[in-house]
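Reader: I would like a close look at one part of this model. Please take the second largest pocket and the helices around it, then move outward from there.

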Amino acid sequence: MGVVDNVIYVDGQRAATPHTLEQTFELLHQHGGMAWVGLYRPTPEEVSAIAGEFGLHELAQEDTNKAHQRPKLERYGHTLFTVLRPARYLEDVEEVEFGELHVFTGPGFVVTVRHAESPDLGRVRRRLEDDPATLRLGPEAVLYAILDEVVDQYGPVVAGLENDIDEIEDQLFDSDPTVSRRIYELSREVMAFQRATHPLVGMLEDLERGFDAHEVDVELRHRLRDVHDHTLRVVERADAFRSLLQNALTVNATLVAQQQNEEMRRVTEASYQQSEEVKRISSWAAILFAPTLVGTIYGMNFNHMPELGWAYGYPFALLAMVVLGVVLYTVFKRHHWL
C-alpha cells in the first residue's frame, strides 16, 4: 500500500488514525478537522481516490503519477500544489541523492506524496504533534513545516559539497589524474542542487505575497520568512560552489597544459640531441666515403687507365683522399655538424 501515514487532527490533536482512505473520508465528513494523508510511491488508483475526495486538479494528478517534476508552486482554486526536491548527502559514496516530494494543501486536508526516501516526514509530523498550537493553524502550518524540513536538510548537503571541493583543491596540486573526472561529476551534482534550490526562492516569495489574501497567521509568516532567509543562504552557497568548480576546472586545464608543454619540451630536446648525433654520424660517414671512392676507382682492374702508367699517380691518389677529407671536415665543421 502507498499509504504510510493517515491521521485526522481536530483542534491540533490527533483524533483518529484510520486504516483505509475510505475511513479517513468518512471520519473527516463526520467530525471535521484536518486530514493528513502521507503516501509513498502511490498507485494511480490511490491518487485517483484522493483526488476524487479532495477535488485535486487532473493536471496535478498527472504530475503526481508521472513524477520527475521540477520544483514549483501552483494553485488550483482552493488547492495549493507544491513540488519540492529534497536532497541528502551520502557520506559513504560522497554523493548527493535527490528526492521528490509533492504536497497538496487545501481546506481541511494535507496530502504528501513521496517518490523517494527523503525527506523524513515522520519527524515533521512528530514535531508538529508536540506543538498543538502550531498544528491548530491548519494545512498552512504543515506546508511551512515541510518546507522548513526540506531546507534544513540542505545544510548537510552544503557541508558535504564544500568538503568535496576542498579535497579537489588538494588533488589539483597533487597531480591526481582522476581530478578532472571528479570535477565534472561534482559540477553535475552542484547544478542539480541549484535546480532543486533556486526555484524555492520564487516559490517562497509567492507564498509571502499571498499572506494577506489567505489571512495567514502572523507566527506562520515569521516562520516562512525564516525559511526564506535560509533558502537564500543555501542558494548563495550553491552559486559559490559552481564558481569554485569552474575555477578549479580552469586551473586543472592550465596545469595539464603546463605538463603537456613540459613533455613537449623534453621530447623536443631529445629529438634535437638525436638530430645532432645523426649529423655527426653522417659527417664522418661522408668524410670516410670520399677516400673510399678514390681508392675504389684506382682499385679497379682495367688495363687501360691513363693514371696507371703515371709516376705520380699513387701520391696523387693519396693527396686527393686527404684533400677531400679535409674539405668535407671543414665544411661540416663550419655548419656545426661536427
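Author: What follows starts at that pocket and then goes through the helix contacts, a cavity and two backbone details. Keep in mind that the model is predicted.

Start with the pocket itself. The second largest pocket holds about 220 Å³ of space. Its lining counts 14 residues. Closest to the centre are Arg-127, Tyr-144, Ala-145, Asp-148 and Arg-223. Three helices each supply at least two lining residues: helix 4 (121-129), helix 6 (139-172) and helix 8 (218-298). Helix 8 gives the largest share, with 5 residues. Sorted by class, the lining of this pocket has 8 nonpolar residues, 5 charged residues and 1 polar residue.

Now take two of those helices together. The axes of helix 4 and helix 6 come within 10 Å. They cross at roughly 130°. That angle makes helix 4 oblique to helix 6, because it falls neither over 145 degrees nor between 65 and 115. The crossing of helix 4 and helix 6 is right-handed. On the helix 4 side, the contact is made by Leu-121, Arg-123, Val-124, Arg-127 and Leu-128. On the helix 6 side, it is made by Ala-141, Val-142, Ala-145, Ile-146, Asp-148, Glu-149 and Gln-153. By class, the contact of helix 4 with helix 6 has 7 nonpolar, 1 polar and 4 charged residues.

Here the pocket and the contact share residues. Arg-127, Ala-145 and Asp-148 are among the residues closest to the pocket centre. Arg-127 of helix 4 also takes part in the contact with helix 6, as do Ala-145 and Asp-148 from the helix 6 side.

Helix 6 has another partner. The axes of helix 6 and helix 7 (residues 179-209) come within 11 Å. Their crossing angle is roughly 155°. Helix 6 and helix 7 are therefore roughly antiparallel, as the angle is over 145 degrees. Helix 6 passes helix 7 in a left-handed crossing. The contact of helix 6 with helix 7 has 19 nonpolar, 2 polar and 4 charged residues.

Next, the loop that leads into helix 4. Pro-119 is found in the loop between strand 9 and helix 4. A cis peptide bond joins Ser-118 and Pro-119, with omega about 5°. Most peptide bonds are trans.

Strand 9 leads on to the cavity. The count comes to 1 cavity of 30 Å³ or more. About 40 Å³ of space lies in the largest cavity. Leu-39, Val-47, Ile-50, Leu-56, Thr-64, Phe-104, Val-111 and Val-113 line this cavity. Helix 2 (44-54) and strand 9 (109-114) are the elements that give two or more residues to the lining. By class, the cavity lining has 7 nonpolar residues, 1 polar residue and no charged residues.

Helix 2 also packs against helix 1 (residues 21-31). The angle is about 10°, and the axes are 11 Å apart. Helix 1 and helix 2 are therefore roughly parallel to each other. Leu-21, Phe-25, Leu-28 and His-29 of helix 1 make the contact with Glu-46, Ala-49, Ile-50, Glu-53 and Phe-54 of helix 2. These contact residues divide into 6 nonpolar, 1 polar and 2 charged. Ile-50 appears twice in this account. It lines the largest cavity, and it is part of the contact of helix 2 with helix 1.

One last backbone detail. Ala-67 lies in the loop between helix 3 (58-66) and strand 4 (72-76). Ala-67 has a positive phi of about 60°, although it is not a glycine. Most residues other than glycine have a negative phi.

Notes. Residues numbered from 1 in each chain as written. Predicted model: local features only at pLDDT ≥ 70, side-chain atom pairs only at ≥ 80, totals over all residues. Heavy atoms only, no water. 1 Å grid on protein atoms, 1.4 Å probe; cavity = no way out; pocket = protein on both sides within 12 Å on 5 of 7 lines; lining within 4 Å. Points joined across faces, edges and corners; volume = space filled by probe spheres on them. Helix = DSSP H or I, 4+ residues; strand = E, 2+ residues; numbered from the N terminus. Nonpolar A, V, L, I, M, F, W, Y, C, P; charged D, E, K, R; others polar. Axes fitted to C-alpha atoms, helices over the stretch in contact; angles between N-to-C directions. Parallel < 35°, antiparallel > 145°, perpendicular 65-115°, else oblique. Left-handed = near helix turned anticlockwise from the far one by under 90°. Contact = heavy atoms within 4.5 Å.
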